[in-house]
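Here is a short report on one protein chain. Look at the sequence and the 3D structure first, then read on.

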Amino acid sequence: MSAACFKAWVHGQVQGVGFRYSTQMQARQLGVLGYAKNLEDGSVEVLAYGEPQQVEALIDWLKAGGPRSAHVDNVLVEAHQPAQVPHSFTTG
């Protein structure tokens, strides 16, 4: 598998609206591993690891606004080299 890995920081109304759990469901449907976790500044950090096409689809979903309950203002994305390969997608 030629894996891709990216970290994304999602800013806007993304905490307290089921964003992490919706992201987890979307990632699992796409076969993407990683996590979604709340940060102290009110944003959500997403690690996406998997086949490049599926990872890109998850990032596109984040940029499109994620779940209907959220309001995404900005998504920052950068390539990431994980120390360990994730085994699932969690909401840490």
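The accessible surface of the protein chain comes to about 5300 Å² (Shrake-Rupley method, 1.4 Å probe; for residues, only the protein chains shown count as cover). Carbon and sulfur atoms own 47% of that surface. This is a predicted model: local features need pLDDT of at least 70, side-chain atom pairs count only at pLDDT 80 or more, and totals for chains, interfaces and linings use all residues. Residues are numbered from 1 along each chain as its sequence is written, and side-chain values use heavy atoms, with hydrogens and water left out.

## Overall build

The protein chain has two helices and five strands. Helices (H or I, at least four residues) and strands (E, at least two) are DSSP runs, numbered from the N terminus. Along the sequence they follow the pattern β-α-β-β-α-β-β. The radius of gyration, taken over C-alpha atoms, is 12 Å. The globule rule (2.2 Å times the number of residues to the power 0.38) also gives 12 Å for 92 residues, so the chain is as compact as a globular protein of that length. Its C-alpha atoms fill a box of roughly 35 × 25 × 20 Å, taken along the principal axes.

Buried residues make up 42% of the 92 residues. Buried means under 20% relative accessible area, exposed means over 50%, and partly exposed lies in between (1.4 Å probe, protein chains only). Now take the contacts (heavy atoms within 4.5 Å) with a separation of 6 or more. Residues 24 or more positions apart account for 78% of them.

## The sheet

In what order do the five strands form the sheet? The order is S4-S1-S3-S2-S5, in an open sheet with mixed pairing. Two strands pair if DSSP finds at least two bridges between them. S4 and S5 (89-90) stand at the edges with a single partner strand each, so one side of each has no neighbour in the sheet.

Three antiparallel pairings are listed here, each with one bridge as an example.

| Strands | Bridges | Example of bridge partners |
|---|---|---|
| S1 and S4 | eight bridges | Gly-12 and Val-72 in S4 |
| S1 and S3 | seven bridges | Val-10 and Val-44 in S3 |
| S2 (residues 33-38) and S3 | six bridges | Ala-36 and Val-46 in S3 |

In a regular strand the side chains alternate between the two faces of the sheet.

Lys-7 is found in strand S1 (residues 4-13). Is Lys-7 buried or exposed? Lys-7 is buried, because its relative accessible area is 17%. Leaving aside neighbours within four places in sequence, Lys-7 has contacts that include Tyr-35, Glu-45, Leu-76, Glu-78 and His-80.

## The nonpolar core

A nonpolar core is a set of buried Ala, Val, Leu, Ile, Met, Phe, Trp, Tyr and Cys residues joined through side-chain atoms within 4.5 Å. The largest one here has 20 residues. Those with the most contacts inside it are Val-10, Val-14, Phe-19, Val-46, Leu-58 and Leu-62. At least two residues of this core come from each of S1, helix H1 (19-30), S3 (44-50), H2 and S4 (71-79). H2 gives the largest share, five residues.

## Two residues of helix H2

Helix H2 spans residues 52-63 and holds Ala-57. Val-55 is found in H2 too. Val-55 counts as buried because its relative accessibility is 1%. Ala-57, at 30%, counts as partly exposed.

Val-55 touches Ala-4, Phe-6, Val-32, Ala-48, Tyr-49 and Gly-50, leaving aside its neighbours within four places in sequence. The C-alpha atoms of Val-55 and Leu-33 are separated by 8.8 Å, though these residues are 22 apart along the chain. For Ala-57 and Pro-67, 10 residues apart, the C-alpha separation is 14 Å.

## One aromatic pair

A pair of aromatic rings is described by the distance of the centres and the angle of the planes. Rings of Phe, Tyr and Trp (its six-membered ring) pair if their centres lie within 6.5 Å. Planes under 30 degrees apart count as stacked, over 60 as edge-to-face, and the rest as tilted. How many aromatic pairs does this rule count? The count comes to one.

The partners are Phe-19 and Trp-61, 6.4 Å centre to centre, with 35 degrees between the planes: a tilted pair. Phe-19 sits in helix H1 and Trp-61 in helix H2, 42 residues apart, and the pair links these distant parts of the chain. Both Phe-19 and Trp-61 are buried. Beyond its neighbours within four places in sequence, Phe-19 has contacts including Val-10, Val-14, Leu-62, Pro-67 and Val-72.
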